[in-house]
Amino acid sequence: LIEQELKDPNYFLRDSNKQRLFSEEEIAVLEEILRLKHEKGLTVQEAVTFALYQADTSVTNGISAITASVTDVSADITATNLPIKVLKELMVTIEDQSNKIDNLVEENKEYKEHFEALKQDNAEQNKFLLEKIDQLMKSNVQQKKRKGFFSLFLRN
């Protein structure tokens with residue numbers, strides 16, 4: 001596919017048995033193709049096109065053939081459609097994240113309402129407890145007064 005994309009059937013060096021020989025730079029391009037295929041879900045053809053489209057001419061020996069073949073209309077269309085596919089994937093991801101944020105905002109509203117209800121209940125309970133404490137203190141004062149009154153009679 002790389003040789004087809006570059007329109008160069010002799011792009012890779014071959015040994016006497018016509019087996020391809022790969023340089024470190026070419027292996028790096030092949031690894032990038034596999035990464036794009038697996039991580040971005042691209043087809044092999046799209047991954048090859050994108051990897052070669054991204055490749056720097058100084059990194060790969062025969063990559064200069066890309067600049068010559070880019071004038072081919074079909075290569076232009078493929079190169080143009082590939083970034084659009086990536087952008088569409090990003091848009092889907094952004095929409096998914098936006099939906100998650102909306103859900104979190106809704107959850108946050110529910111928690112806030114629940115918190116406000118608990119806060120109100122707490123305020124009412126505090127008011128009730130303060131009233132009870134006040135009643136107990138008044139009752140305690142009255143009991144002390146009665147004890148003091150009765151103790152006067154008991155002393156005499």
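The protein in this predicted model contains 5 helices and 2 strands, and, read from the N terminus, its elements follow the order α-β-β-α-α-α-α. The chain has 156 residues, of which 17% count as buried. Its exposed area comes to about 12,600 Å², with carbon and sulfur atoms supplying 57% of that area. Among the contacts with a separation of 6 or more, 48% are between residues 24 or more positions apart.

**The loop between the strands**

Strand 1 (13–14) and strand 2 (20–21) are joined by a loop in which K18 is placed. Although K18 is not a glycine, its phi is positive, at about 65°. The residue counts as exposed, with 66% relative accessibility.

**Salt bridges**

The structure holds 4 salt bridges, and the table sets out three of them with the N to O distance of each pair.

| Pair | N to O distance | Location and spacing |
|---|---|---|
| R35 and E32 | 2.9 Å | helix 2, 3 residues apart |
| R35 and E39 | 3.0 Å | helix 2, 4 residues apart |
| D96 and K100 | 3.5 Å | helix 5, 4 residues apart |

In helix 2 (residues 24–40), R35 and E32 are separated by about one helical turn, and about one helical turn likewise separates R35 from E39. R35 is partly exposed, at a relative accessible area of 32%, and E32 also counts as partly exposed, at 22% relative accessibility, whereas E39 is exposed, with a relative accessible area of 58%.

In helix 5, D96 and K100 are again separated by about one helical turn. Here D96 counts as partly exposed at 37% relative accessibility, and K100 is partly exposed with a relative accessible area of 45%. Returning to helix 2, salt bridges that share partners join E32, R35 and E39 into one network.

**A negative patch**

Which residues form the negative surface patch? The patch is made up of D102, E106, E107, E110 and E113. Of these residues, E110 can be placed in helix 5, which covers residues 73–155. E110 has a relative accessible area of 47% and is therefore partly exposed; this value also fits the patch criterion, which asks for over 30% relative accessible area and no salt bridge.

Terms used:
Residues numbered from 1 in each chain as written. Predicted model: local features only at pLDDT ≥ 70, side-chain atom pairs only at ≥ 80, totals over all residues. Heavy atoms only, no water. Buried < 20%, exposed > 50% of the residue type's maximum accessible area, 1.4 Å probe, protein only. Contact = heavy atoms within 4.5 Å. Areas by Shrake-Rupley, 256 points an atom, 1.4 Å probe, with all protein chains shown as cover. Patch = residues over 30% accessible without salt bridge, like charges linked within 9 Å, V, L, I, M, F, W, Y side chains within 5 Å. Salt bridge = Lys/Arg side-chain N within 4 Å of Asp/Glu carboxyl O. Lys, Arg positive; Asp, Glu negative; His and termini not counted. Charge placed at Lys NZ, Arg CZ, Asp CG, Glu CD.
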